[in-house]
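Thank you for making time for this one today. I would like to walk through a single structure with you, and I will put it on the screen now.

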Amino acid sequence: MDDIFSRLLSLTSCITRRVIEFIEDIVLRDVIRLLRDSEINSCCKQLTSGTWTGKKYSTLEYASSSRDCNSSSSLGFLERDTLRLEDLSFINTGSEIVNRNYSRGVHFIFKGLMLPVLFFEFAWKSAIVTWRCIGDHKRCIHAHVQSFVSRVLRTLHGSSDDIGWLQGAPGMAPTEDGSARFLELLQGIRNGVHKLPDSFVYLLIPGLFSNHGPLYFVSTKRFFSKMGLACHIAKIHSEASVEHNAWELKQYIEELYWGSGKRVMLLGHSKGGVDAAAALSIYSQELSHKVAGLALVQSPYGGTPIASDILREGQVADKETRRIMEFLICKLIKGDIRALEDLTYEKRKEFIRNHKLPDNIPLISFHSEASVAPGVIATMSHIAHAELPWLPRILNEDIDDAVFAARKVPVIVPVSAAMALTALHLQLRYGEKSDGLVTCRDAEVPGSVVVKPDKKFDHSWMVYSSWKKEPTEPDACEMCEALLTMLVELGKKG
């Protein structure tokens, strides 16, 4: 700012000096011209005075001589009169020229004297315009800085006010702790006591991105089928919106009900639980007598800070982040961005406010806490397998061709390590326990029986088997059986 004013002051001084020199030149030139014109005027006056004197003398002479010779001097008189008229015309013209030059000189002098006034007026208006421009620029910079600071604060604040909002929302039914009964049923299952009846059809509903995990719920379905139970995995587009999947699930449940004549037990994992709850909320009249119960396993019923922090508007790089997610979900895996957007706190609040779960269907909410110990980094999850159509005969010539054709290579990824990092992030940033994607408080559905296991499991543990199984610990299949058994008991009590 000081540099701008110093340059403006220097420019003003330079222009003032040049204008003063210009005015001095104009005034000096006008004064010289005025003195020259005054000399011409005095000369003309003398000439005029001498002419009239000569005229008077010649008139008297003409009067005296006219008496003597009147006829002989007529031609001379006419010539002298013509010369006098020409002299008078020349004198008048000279006077007009002098007067005009005098007026013009005065006008130039006046203009020269007015130049400083005009210059200072111009300088004053320029200063006002410059000051206004500086003010507008300053206000613009202030607005940009304020907007940036607001975005930074909004980004840092994140989902602090939204996590666990269901517990403080008015009109929500209280939850009940059923962890003790769940552990009893789980222990009985590990001892060989299986109580799941075959009077229901069991439908497993996968979560987000399950279409890209071929082994999603596969071991659980195989486990139930070995017990002679009718178990199915819902064939839905996991990357579709919640309302779209709710409609698909409605159609799927009605087909199972009318095809078997049995009511359907639902177990949804992650977004699958949200989709199932949406189907019961939107189509409660059609499904209330066809569904026997719903178990939501690690489902972000209230929302998840991961989705909200990624898609929140008004934070730093919000548009760029959304474009990246749209490319990954819509272009790369051919999904719908609403599949992730429906899991934000804003969308979940709106949906729950408009759609209530029916009261006559028993509900179970299962949530867990991921381990953030360093040993989790080495844990690998078996998410798929690759079939090799042939193997080199050099490896073993005694193996049959059918064995080579059916040879499978497991696909293992460190899913638990990624879940541990996100769980640590949520714990450090918000102080919340989570399975890596869903906080424990957001997974508790109002009016449900809440199950909290005594072991630490990440978000993917319930659907993907671990590469190294421990015989002394329960697996995901037994966990799902215990949850459904507990759900049957709640149905009998209701």
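Ile333 is partly exposed, because its relative accessibility of 22% falls between the limits for buried and exposed. Please keep in mind, as I go through this residue and the others, that we are looking at a predicted model. Ile333 sits in the loop between helix 10 and helix 11, the latter covering 338–341. If you look across from Ile333 to Asn211, the two are 122 residues apart in sequence, while their C-alpha atoms are 9.6 Å apart in space.

Let me turn to the charged side chains. Side chains of opposite charge can pair when their charged atoms come close. How many salt bridges does a search of the whole structure find? The search gives 17 salt bridges, and I will take a few of them in turn.

In the pair I would like to begin with, the side chains of Arg139 and Asp136 form a salt bridge, with a distance of 2.1 Å from N to O. Both residues belong to helix 2, where they are three residues apart, which is about one turn of the helix. Arg139 has a relative accessibility of 54% and therefore counts as exposed, whereas Asp136, at 41%, counts as partly exposed.

The salt bridge between Arg151 and Asp318 has its closest N and O atoms 3.3 Å apart. This pair links distant parts of the chain, since Arg151 is in helix 2 and Asp318 is in helix 10, 167 residues apart. Are these two partners buried or exposed, or something in between? Arg151 is partly exposed, with a relative accessible area of 28%, but Asp318 has a relative accessible area of 13% and is therefore buried, the cut-off for that word being under 20%.

Staying with helix 10, we also find a salt bridge between the side chains of Glu326 and Arg322, again given as an N to O distance, here 3.3 Å. Glu326 and Arg322 both lie in helix 10 and are four residues apart, about one turn of the helix. Glu326 is partly exposed at 30% relative accessible area, and Arg322 is partly exposed at 24%. Beyond these pairs, a network of salt bridges links Arg181, Glu184 and Glu489.

Now to the surface, where I have two patches to show. Glu243, Glu313, Glu346 and Glu350 form a negative surface patch. One of these residues, Glu313, is found in the loop between helix 9, residues 305–311, and helix 10, residues 318–332. With a relative accessible area of 63%, Glu313 is exposed, because that value is over the 50% cut-off.

The other patch is nonpolar, and it is made up of Ile141, Val145, Phe148, Val149, Leu153, Leu156 and Val316, which together have about 650 Å² of accessible area. Among them, Leu153 lies in helix 2, which covers residues 74–157. The relative accessibility of Leu153 is 54%, so this residue counts as exposed.

That leaves the aromatic rings. How many aromatic pairs does the count come to? By the rule that ring centres must lie within 6.5 Å, the count comes to seven aromatic pairs. In one of them, the rings of Tyr202 and Phe224 have centres 6.1 Å apart and planes at 65°, so the pair is edge-to-face. Tyr202 lies in strand 2, residues 200–205, and Phe224 in helix 5, residues 218–226, so that this pair ties together parts that are 22 residues apart in sequence. Tyr202 counts as buried, because its relative accessibility is 0%, and Phe224, also with a value of 0%, counts as buried as well.

Another pair is formed by Tyr257 and Trp258, whose ring centres are 5.1 Å apart and whose planes stand at 75°, so this pair is edge-to-face too. Here Tyr257 is partly exposed, with a relative accessible area of 22%, and Trp258 is exposed, with 66%. Finally, if you go back to Tyr202 and Phe224 on the screen, you can add Phe223, since ring pairs link Tyr202, Phe223 and Phe224 into a cluster.

Conventions. Residues are numbered from 1 along each chain as its sequence is written. This is a predicted model: local features need pLDDT of at least 70, side-chain atom pairs count only at pLDDT 80 or more; totals for chains, interfaces and linings use all residues. Side-chain values use heavy atoms; hydrogens and water are left out. Patches are made of residues with over 30% relative accessible area and no salt bridge: like charges are joined within 9 Å, nonpolar side chains (Val, Leu, Ile, Met, Phe, Trp, Tyr) within 5 Å. Accessible areas come from the Shrake-Rupley method with a 1.4 Å probe; for residues, only the protein chains shown count as cover. A salt bridge is a side-chain nitrogen of Lys or Arg within 4 Å of a carboxyl oxygen of Asp or Glu. Lys and Arg count as positive and Asp and Glu as negative; His and the chain ends are not counted. The place of a charge is taken as NZ of Lys, CZ of Arg, CG of Asp or CD of Glu. Buried means under 20% relative accessible area, exposed over 50%, partly exposed in between (1.4 Å probe, protein chains only). Rings of Phe, Tyr and Trp (its six-membered ring) pair if their centres lie within 6.5 Å; planes under 30 degrees apart count as stacked, over 60 as edge-to-face and the rest as tilted.
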